[in-house]
Amino acid sequence: MILWAIAVGALLGLAFGDYDLPGLFVGGFVGFFAGLWLRSAVRSQVAASNEKLLAEVRELVANLPANGAVPLPSTTDAAFASDLAVRDRVAPPVVPPLPVEAPILDRSAELRRIAADFVPAPEPAPEPAAPNFIEVGFDAARNWLLGGNTVVRVGLVILFIGLTFLARYAASAGLFPPELRLALIAAIGTALLVVGFNRRNQQPAFALSLQGAGVATIYLTIFAGFKLFAILPLWPAFALMVVVCALGCALALLQNSQSLAVTSFVGGFAVPILLSNGGGSSVALFGYFTLLSLAVLYIAQARSWRAVNLTGFFFTFGLATLWGVLSYEPSSYATSQAFLIGFVLIYLAAAILYARNTPPRPGTTSNVVDSTLLFGPALAGFGLQAGLVRHLEFGSAFSALCFGALYLVLAAVLMRRGAGKYRLMTECMLAIGVGFVTLAVPLALGAQWTSSVWALEGAGAFWVGSRQARWLPRAFGLLLQLIAALVYFSRIGDGVFALPLANPMFIGGLLVTLPALAIAWWLRRPLPHSGSRWATGYAALEAVLSKPMFLFGFLFWCLTLTLEINRNTPPFEAGKAAQPVFDIGLQRLLTMLAIAVSAWVSAFVGRRASWSVATWPGRATLPLLALTFVAQAFDADHVLRTPDWIIWLAAIAIHYRLLYLGDRDPGDAAVSGLFRATHVGSVWLLTLMLADCLWFWIDKAYLWKTSWGGVVALVSSVAVLMLLAGWAGRANRADALGKRRWPLNPHAVGYFWVAALPLAVLVFLGALVTALLASGNTRPLPYIPLLNPIDLTLALAIGTLMIWRRAVVAAVPTPGGSMWLHGRRALAPLAGLAFIGINTVWLRTAHHYLGVDWSPDALLGNFAVETGLSILWTLLALGLMVTAHRRLKRSMWLTGAALLALVVAKLLLVDQSNAGGGERIVTFIVVGLLMLVVGYFAPLPPKAVEAVPGPVPA
């Protein structure tokens, strides 16, 4: 309520004060007290209402008769109870109905219980929710503003802003001579400083606030005298600033006040921001920053004041970066380079001094290291350095070498002088130095420094955070990894490189991949932390980041390999376009092979190091191979082309090797199901690849418009289904499965049932379509009935389906969902397919030898074709009935008889009307003779008779 009152008051003050800052502060100040009063009034009113209600309840309980005899509850009593329930926001008690003939009952105990329910029981206070970072920041600002002497702090803020506005207004209006204006402002600052120093013992907080404001005001005066009015020359102005810096440092050290030092430096760094007009000398600006940074360094050698160090670092490098982006010109290189070197050395020295003055934490031997100051100059400094030397060839490379040499020399010095005291800092500096030396190689070749250095620095920051049990550097390191990846993505495709592997794009991607994998390795186990609320919350997030971080690193490595394989080389002649190293088809295959090999290596490392996530890429090789094959098929490339078949053999070998290793690893049900699905999917992929191999030879022989090309897909499906039925089908019994080798043990059912079922459906439908549509064009060979690709493929398809069904039906235990294959009814579709296939043999024969067009109208309208069909059906009926008679298969004989009846119906209804004299005679004679043969050799078999048991022999 108070915060809302402050916000409303501030908005009203801003509106009534002509949208000026004083109105904002005054309105917020008044709103604070109004919120206090409003909260107190509301609480008083609520307390009074509760007391009144509790008094009524107590009176009701006290008036109960001692003997417990109470009258029946009336309408008024029920209404009163309901009213009480509504007040307390509970459901009114349900009073059970009483018999009319009982006017008085003992209800006192129940009424006391009901009345006790009206008294609200104290509820346990809910646990406060953990504040987020916005609330933490707001609480810190509120504690500074409202803690201690609030009036003084608010007044100082308003005074400082007022002095700034006064200086601007006086300068623009020309009210007073510049010298007088500056003298008045300086006098106010000096008065604040003197009063605050005099009150340092009586009122320390009050005194420190006044001194900080006084130091900032004097800074404002000196800088305005130099930059705005040119009253002070360059060197006297800087000399005065040195005096003020020294004064602020001395006061802070004398009173051991870090807050005064921070206030002094914030005011000092804010002066050029408040009074800047977009112009001025960069030498003056950075000279001013150098003096402030030297003051920071002076304090760092005496006190472990981290806030002071960070204030100087962020202001210095932040404002320097802003100036570099907006105003830097190569003509300012010399002075900018000198100042940048000074900044880096100052804050590196501050980091070393902080480690010297900060003792180790309990349980450790190495002094505490400020990772921000240790890694910050490397990160921010090298970023600025790269911007300064971007116009120089190999400038970034030599800069990286210089940074690496600086950190390595400092590490060597600390190693000799500090022994174990600076062990952690020494290790960090060695890591940074080696990182910069490594980075110099791709930079010398033109690599983009940004992503590489940020990734390396992120890994370094994460490592330091894990060694120091601090969560913030680790979070910062993860953020740098993400930024490095985004920067790398933004630079993809910028260059053309002649050297393989030793080019900026590959080495840059490698330097992003390796830190990400290193962080994933460190995250395998829980890392130590301070135990604070923020650290505990971050630890919960960090506990689930190891696997995503590894996958991020692995995917980035795959991207790096892909870019390397798909890179272009410079043209041999000027004006020509860059040429790819490999053609697009080979690029695709090499990328597939490189990723598969990477997954294999990752799985090997994961098993050796017991790092489960490293084995995950090996589970995704099937989608990799399938996507590559589909892309290759769309480009009309074939597996059997050279050197494609070599790459495919290697990739398939790696894929099955990873499947073998994965089956050996213990896993949960989900992982086992994934591997079973991968085995099944691999069968289907190999079927397509076999078809592609056949299409390759069809393409070589120019047979696409013949039946040789039309049966390719069906032939490949039949071949794979035959392999599954004959090879995996032998392992269809669970009792003998243990004697089989991998992959039949344990995936036999997956092969002969799960993988084979779609292939069986495909074979059946493919055979049906082929039989009905294929004309039997066998060029360059002549068409021979039954000895042509169509008829042979149909026969193989039907035979393979029969063998596969037999393997599934004989399986023990029966595979789930396979019961529809049991029984004779399952043979009906195969019988129908065989009948259609036999008929189309005659149709194709008539097409090729009788010259009948291959169309339904022409074939069915030709009497020779109709005659042949009648004779063929009669022969089929004859065969069925004779076989049925010999095997005593009554149902088979009836099927043949039905077919024979169909022939008779066809003779009478179709052939009779369409046939000519000679043809009609031939048809009727042949069919009649065949029917006589059937009647003589294959009469109807008798029904099955149960055997009657005879006498048992003695």
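Where is the place of threonine 642, in a helix or in a loop? I started my notebook with that one, and I found threonine 642 in the loop between helix H23 (621-634) and helix H24 (644-664). A reminder to myself before going on: this is a predicted model.

**Entry 1: the loop between H23 and H24**

I stayed with threonine 642 for a while. Its relative accessible area is 64%, so I noted threonine 642 as exposed, the cut-off being over 50%. Next I looked up its side chain, which makes a polar contact with the side chain of tryptophan 645 at 3.2 Å. I also checked a partner far along the chain: leucine 586 is 56 residues from threonine 642 in sequence, while the C-alpha atoms of the two are 10.0 Å apart in space.

Then I turned to the backbone. The peptide bond from threonine 642 to proline 643 is cis, and I read omega near 5°. Proline 643, too, has its place in the loop between H23 and H24.

Alanine 636 was my last stop here, again in the loop between H23 and H24. I wrote down a phi near 60° for alanine 636, a positive value in a residue other than glycine. With a relative accessible area of 48%, alanine 636 is partly exposed.

**Entry 2: other loops**

Which peptide bond is cis with omega near 10°? I found that bond running from tryptophan 742 to proline 743. Proline 743 lies in the loop between helix H27 (712-727) and helix H28 (744-773).

I moved on to leucine 786, whose place is in the loop between H28 and H29. Leucine 786 is not a glycine, yet its phi is positive, at about 70°. Is leucine 786 buried or exposed? Its relative accessibility is 53%, so leucine 786 counts as exposed.

Threonine 706 came next, in the loop between helix H25 (669-700) and helix H26 (707-710). At 10% relative accessibility, I put threonine 706 down as buried. Leaving out residues up to four places away in sequence, threonine 706 touches Asn777 and Arg779.

**Entry 3: aromatic rings**

I like ring pairs, so this entry got some care. A pair of aromatic rings is described by the distance of the centres and the angle of the planes. The count for this model comes to 31 aromatic pairs. I picked one to look at: the ring centres of phenylalanine 286 and tryptophan 323 are 4.9 Å apart and the planes stand at 90°, so the pair is edge-to-face, for which the angle has to be over 60 degrees. This pair links distant parts of the chain, with phenylalanine 286 in helix H11 (residues 282-300), tryptophan 323 in helix H12 (residues 306-327), and their positions 37 residues apart.

I checked burial for both partners. Phenylalanine 286 has 5% relative accessibility and counts as buried. Tryptophan 323 is buried as well, with a relative accessible area of 14%.

Which residues form one aromatic cluster? My list reads Phe286, Phe289, Phe313, Phe314, Phe317, Trp323, Tyr328, Phe339, Phe343 and Tyr347.

**Entry 4: two arginines**

I looked at arginine 524 and found it over the face of tryptophan 521, at 3.4 Å from the ring centre.

Arginine 474 has its place in helix H18 (residues 471-490). Its relative accessible area is 0%, so I noted arginine 474 as buried. What does arginine 474 touch, not counting residues up to four places away in sequence? I listed Ala461, Phe462, Gly465, Ser466, Ala469, Leu527, Pro528, His529, Tyr538 and Glu542.

**Entry 5: the largest pocket**

I read a volume of about 880 Å³ for the largest pocket. There are 20 residues in its lining, and the closest to its centre are Leu827, Ala831, Leu880, Met892 and Thr895. Helix H29 (789-809), helix H30 (828-849), helix H32 (863-887) and helix H33 (890-914) each supply at least two residues of this lining. Which helix gives the most to the lining? I found H30 in that role, with 7 residues.

**Entry 6: the chain as a whole**

To finish, I zoomed out. The protein chain has 34 helices and 4 strands. Of its 954 residues, 42% count as buried. I also looked at contacts between residues at least 6 apart in sequence, and 72% of these join residues at least 24 apart.

Notes:
Residues numbered from 1 in each chain as written. Predicted model: local features only at pLDDT ≥ 70, side-chain atom pairs only at ≥ 80, totals over all residues. Heavy atoms only, no water. Phe/Tyr/Trp six-rings, centres within 6.5 Å; stacked < 30°, edge-to-face > 60°. Buried < 20%, exposed > 50% of the residue type's maximum accessible area, 1.4 Å probe, protein only. Lys NZ or Arg CZ within 6 Å of the ring centre and 35° of its normal. Contact = heavy atoms within 4.5 Å. Polar contact = N/O pair within 3.5 Å; in protein donor to acceptor, adjacent residues only side chain to side chain. 1 Å grid on protein atoms, 1.4 Å probe; cavity = no way out; pocket = protein on both sides within 12 Å on 5 of 7 lines; lining within 4 Å. Points joined across faces, edges and corners; volume = space filled by probe spheres on them.
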